Amino acid sequence: MAYQPLTEETAIALAKEIGYFSQEAAVTCSEIGDGNLNLVFHIRSGEKGIIIKQALPYAKVVGESWPLSLRRATIESNALTTFAKYVPELVPEVYYHNEELAVTVMEDLSHMTISRKGLIEGEDYPLLSQHIGTFSAKTLFYTSDFGLEAQEKRKLDGTFVNPDLCKITEDLVFTDPFGNYETNSYEPELQEAVEELWSDEALKLRAAQFKYKFLTRKEALMHGDLHTGSIFATPTETKVIDPEFATFGPIGFDLGHFLANLAMNAIARPADKREILFYHIENTWKVFAETFTTLWETAETEAYTKQTGWLPLVLEDIFADIVGFAGCEIIRRTIGLAHVADLDGIADTEAKLAAKRHALRLGRALLLARGADISIFRKEFAATQERKE
Ligand code: SR1
Ligand code: MG
């Protein structure tokens, strides 16, 4: 079968052909993709449902002028099955993958809500940080040189070479928001704040350093795009989706993105509704560090994990990376190509501009920070807030 973008009709035909529904079954199908890159079909018959996700050969958010490799669909499917070895309860089950069609058929999670949407609506997900801390610690530890034999790790690394999607991150997260590039997008009222960033040489030096970490440090298999829009949640369950950006990279990258997105949600909320976000930020790191430590002590493959004093140094480096990557993510989601609904959705224009200025100050403070502990998110949030707020 040659590649063709699916329609609702051909998606149904495919679901029947692979035997998920009988040929006679009455099924409904709707295209529900609201992301930047792919088609997503929800197909149902009675109680039974599946998701069919198909990569398009270009970035949907920009159009056909931005070609993208279809191989990312296979990367995503392989990442989900790799993660499922360590945290099956935290990812959707993959039922079928076809590399040529760039199609993955997976578990229907329509009883859950995308956590960004839920958090914007004020939903509470009490287990979100416990689950994401666990997800990150387990998937990253077991695919790193601490938890996987070096030869196996090198082989796995070779199956997650993802140049097109990495280039998106290299450009849109680390390069473009720090200079006058045409991909950037922001309100004219922010021009002065933006130019202040662009002329901040110390900040650009940090951005260069963090981009270089992303380019060169193949520490573990990252999700690669772990924002709150890549996580389904209910009060009791969490599922991480969308790892099409997966590749080997710095261990701190994923949690940097996750914590940044929690912080942006906090910025968008009234002051008296923010505490739950700071709880999640702090608990994510706590759970990550505890789980990573347990795995270091019980599931290590590297002889030097027995070396006294090494684990605290490793955790210190991961933490410093989380903070810096969070700074980059906040800045790029505020003035770069791909924004977040948390900030863009603020109805009052003045409040939205104030929130975005706060985000830029917070992003800058985190990217410049050194030698901090997890209370830095809370402290810098307060320090970068407008006094009159
Ligand atoms: C062109 S893709 C823009 C952004 O959407 C994805 O979710 C990633 O975050 C990417 O940077
Ligand atoms: Mg995505």
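A residue is near a molecule or strand if one of its heavy atoms lies within 4 Å of that molecule or strand. With that cut-off, select ligand 1 and its surroundings: Asn36, Leu37, Val61, Ile168, Leu172, Asp225, His227, Phe245, Arg332, Arg333 and Ala338.

Before going on, some conventions. The model is predicted, with local features requiring pLDDT of at least 70 and side-chain atom pairs counted only at pLDDT 80 or more, while totals for chains, interfaces and linings use all residues. Residues are numbered from 1 along each chain as its sequence is written, chains are lettered from A and ligands numbered from 1 in the order in which they are written, and side-chain values use heavy atoms, with hydrogens and water left out.

**Stop 1: ligand 1**

Keep ligand 1 selected and show its polar contacts (a pair of N or O atoms within 3.5 Å; within protein, one must be able to donate a hydrogen and the other to accept it, and residues adjacent in sequence count only if both atoms are side-chain atoms). Pick asparagine 36: an N or O atom of its side chain is 2.6 Å from an oxygen atom of ligand 1. For arginine 332, the distance from a polar side-chain atom to a ligand 1 oxygen is 2.8 Å. For arginine 333, a polar side-chain atom is 3.0 Å from an oxygen of ligand 1. On its own, ligand 1 has 320 Å² of accessible area, of which the protein covers 94%. Accessible areas come from the Shrake-Rupley method with a 1.4 Å probe; for residues, only the protein chains shown count as cover.

**Stop 2: the five-stranded sheet**

Switch to a cartoon view. Helices (H or I, at least four residues) and strands (E, at least two) are DSSP runs, numbered from the N terminus. Two strands pair if DSSP finds at least two bridges between them. Five strands make an open sheet in the order S1-S2-S3-S7-S6, paired antiparallel. S1 and S6 (94-98) are its edge strands, each pairing on one side only. From one strand to the next the twist averages 20° (axes are lines fitted to C-alpha atoms, for helices over the stretch in contact, and angles run from 0 to 180 degrees between N-to-C directions).

Select residues 28-31, strand S1, which is joined to S2 by four antiparallel bridges. Glutamate 31 has phenylalanine 41 of S2 as its bridge partner. The hairpin from S1 to S2 runs through six residues.

Now select residues 38-45. Strand S2 is largely enclosed by the rest of the structure, because seven of its eight residues are buried (under 20% relative accessible area; exposed is over 50%, partly exposed in between, with a 1.4 Å probe and protein chains only). Eight antiparallel bridges pair S2 with S3, residues 48-55. Across that pairing, leucine 39 faces glutamine 54 in S3. Two residues lie between the strands in the S2-S3 hairpin, where glycine 46 has a positive phi near 60°.

At the other end of the sheet, S6 pairs antiparallel with S7 (residues 103-107) over four bridges. Histidine 97 is opposite threonine 104 in S7. Select alanine 102, in the loop between S6 and S7. Its phi is positive, near 55°, although the residue is not glycine. Most residues other than glycine have a negative phi. Alanine 102 is buried at 0% relative accessible area.

**Stop 3: the three-stranded sheet**

A second open sheet has three strands in the order S8-S10-S11, with antiparallel pairing. S8 (113-114) and S11 are at the edges with a single partner strand each, so one side of each has no neighbour in the sheet. Select residues 231-233, strand S10, joined to S11 by three antiparallel bridges. Here phenylalanine 232 is opposite lysine 239 in S11.

Move to aspartate 242, in the loop between S11 (238-240) and S12 (247-249). Aspartate 242 also has a positive phi, near 65°. This aspartate is partly exposed, at 22% relative accessibility.

**Stop 4: the cysteines**

How many disulfides does the structure hold? Zero, with a disulfide taken as a pair of cysteine sulfur atoms within 2.5 Å. Select cysteine 166: the closest cysteine sulfur, in cysteine 328, is 15 Å away, too far for a bond. Cysteine 166 is buried, with 9% relative accessible area. Cysteine 328 is buried too, at 0%.

**Stop 5: leucine 128**

Finally, select leucine 128 in helix H4 (residues 128-142). Leucine 128 is buried at 1% relative accessible area. Draw a distance from its C-alpha to that of glutamate 192, 64 residues away along the chain: the separation is 37 Å.
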